[in-house]
Amino acid sequence: MARWLTVTGIGEDGFKGLGKNARHALLAASKIFGSQRQLDLLPACIRGERRVWPSPFSLDALLALRGEPVCVLASGDPMFFGVGASLARQLPSDEMLILPAPSSCSLAAARMGWPSQEVVTLSVVARPISALNAQLFSGIRLLVLSNDGQSPAAIAALLRERGFGPSRLTVLEHVGGEAERRIDGVACDWADPVIADLNLVAIECIAEPDAPRLSRLAGLPDSAFKHDGQLTKRDVRAITLARLAPVPGELLWDVGAGSGSIGIEWMRAHPSCRALAIEADEGRQLLIEQNRDALGVPGLQLIRGKAPQALAGLERPDAIFIGGGVTREGVLDTCWAQLKPGGRLIANAVTLQSEMTLMAWRERHGGELTRIHIAQAQPLGDFDTWRQALPITLLDVVKPFDA
């Protein structure tokens, strides 16, 4: 099928800012899709029928016109948090012509004088603002696409709460248009001015001296998590995640997730890492929700239920961690059956019974067993001595491709 769909990036400068190809496509289009604001930027000479995106958003009406000359308007670069990315998942590339304009983030970087390759860009448009928590490091520069005029105040409040009150904020409204405006401030005394819904926030992150340092490497301090004692402790967690070996785009099952620490640190390893936390205890489910937001991975999906029953129908994982329940009938077998070929299964045991289960499993499926002993120096009278934590037995097994 010939290219029937043109996706045109349009800026705040409207039709006059478009190139020749974009103008010709709009003049020839029978239907034009976009937001009301974008459609209002078109002059009267554009005769195609103008259609506002439905709410909730859907591509169905557009895809029903497949083969007709249709245009879609997108803000700036359609492939940057835009409708172009959604269309690319639905249509082959040879049916579309995508004509990007400078994105708002490109314009904002130019206004701020920030090299684009050194800036972290993210969006809170219809997304949880808690995702910013995973990006907060002193010295980092962020460009954040706002959901609406309330977003800058919410971002400033989050920065204060996380110990980044000294961070410098710049709000850019209607960037690239005649109504462009810049508002500068500091998170700790943000005045909460009235701001247009169409805005972007530039943040120069500056941490308070006593703000916690939360690395992206595995092994966050135990104090970073709210828990009821059911927590894979820091050193064991770092070893476990090293064996799980997170890779961008992969999915983890965290079975018997407790406070969610393994799944959370898996997702913090890369923005495209995904995890399902399977947990039956209601109190721990609440802790998982609190921890995932506080540590910036609101996309961690909580599966409420007990394995193996709760595992039915879930997307097959690339890796599985079993932190509890290895002795429960069917847990190991179900996990092994659902694990993708080449995937990693890591299970930790503390009790003799669970250790025996892992040893028997290894006899049938192979893998490595590792005993982990951790001791910490603690006071004993006027001196110090080693206090031994409970030893952990770790099973590490890779599923063969022919299994």
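In this predicted model, Asp222, Arg237 and Glu265 are joined to one another through a network of salt bridges. This network belongs to a wider set of charged pairs, since a count over the structure gives 19 salt bridges. Three further pairs are described here individually, together with the elements that hold them and the accessibility of each partner.

In one of these salt bridges, the side chain of aspartate 228 meets that of arginine 284, with an N to O distance of 2.9 Å. Because aspartate 228 belongs to the loop between β10 (199–204) and α7 (234–244), whereas arginine 284 belongs to helix α9 (residues 282–294), the pair ties together parts of the chain that are 56 residues apart in sequence. Aspartate 228 has a relative accessible area of 45% and is partly exposed, and arginine 284, at 22% relative accessibility, also counts as partly exposed.

A second salt bridge is formed between aspartate 396 and arginine 243, whose closest N and O atoms are 3.1 Å apart. Here too distant parts of the chain are linked, with aspartate 396 placed in strand β19 (residues 392–398) and arginine 243 in helix α7, 153 residues apart. The partners fall into separate accessibility classes: aspartate 396 is buried, with a relative accessible area of 14%, while arginine 243 counts as partly exposed at 25% relative accessibility.

A third salt bridge pairs aspartate 318 with lysine 340, and the closest N and O atoms of this pair are 3.4 Å apart. Both residues are found in loops, aspartate 318 in the loop between β13 (301–304) and β14 (319–322) and lysine 340 in the loop between α10 (331–338) and β15 (344–349), so that the pair links distant parts of the chain, 22 residues apart. Aspartate 318 is buried, its relative accessibility being 14%, whereas lysine 340, with a relative accessible area of 30%, is partly exposed.

Aspartate 318 also appears among the surroundings of glutamate 250, a residue located in the loop between α7 and β11 (251–255). Glutamate 250 has a relative accessible area of 15% and is therefore classed as buried, the limit for this class being under 20%. When residues up to four places away in sequence are not counted, glutamate 250 touches Ala245, Trp266, Ser272, Cys273, Arg274, Asp318 and Arg344. With arginine 344, in particular, there is a polar contact at 2.9 Å, made between the side chains of the two residues.

Turning to the aromatic residues, a search of the whole structure finds four aromatic pairs. One of them is formed by phenylalanine 33 and tryptophan 53, whose rings are tilted, with a distance of 5.3 Å from centre to centre and an angle of 35° between the planes. This pair likewise links distant parts of the chain, as phenylalanine 33 lies in strand β2 (residues 31–34) and tryptophan 53 in the loop between β3 (49–52) and α3 (60–63), 20 residues apart. Phenylalanine 33 and tryptophan 53 are both buried. The arrangement extends to a further residue, for ring pairs link Phe33, Trp53 and Phe57 into a cluster.

Another aromatic pair brings together phenylalanine 80 and phenylalanine 81, and because the planes of their rings stand at 75°, with the centres 5.0 Å apart, the pair is edge-to-face. Phenylalanine 80 is partly exposed, with a relative accessible area of 25%, and phenylalanine 81 is partly exposed as well, with a relative accessible area of 41%. A charged side chain is also found over an aromatic ring, namely that of lysine 399, which lies over the face of tryptophan 336 at 5.9 Å from the ring centre.

Among the strands, β10 is mostly covered, with five of its six residues buried. Strand β10 pairs with strand β7 (residues 141–145) in the antiparallel sense, over five bridges, and within this pairing valine 144 has valine 201 of β10 as its bridge partner. Strand β8 (residues 168–173) also runs antiparallel to β10, and six bridges join these two strands. Leucine 172 stands opposite leucine 200 in β10. Beyond strand β10, the chain passes into the loop that holds aspartate 228, the partner of arginine 284 in the salt bridge described above.

Methods. Residues numbered from 1 in each chain as written. Predicted model: local features only at pLDDT ≥ 70, side-chain atom pairs only at ≥ 80, totals over all residues. Heavy atoms only, no water. Salt bridge = Lys/Arg side-chain N within 4 Å of Asp/Glu carboxyl O. Helix = DSSP H or I, 4+ residues; strand = E, 2+ residues; numbered from the N terminus. Buried < 20%, exposed > 50% of the residue type's maximum accessible area, 1.4 Å probe, protein only. Phe/Tyr/Trp six-rings, centres within 6.5 Å; stacked < 30°, edge-to-face > 60°. Lys NZ or Arg CZ within 6 Å of the ring centre and 35° of its normal. Pairing = 2+ DSSP bridges. Polar contact = N/O pair within 3.5 Å; in protein donor to acceptor, adjacent residues only side chain to side chain. Contact = heavy atoms within 4.5 Å.
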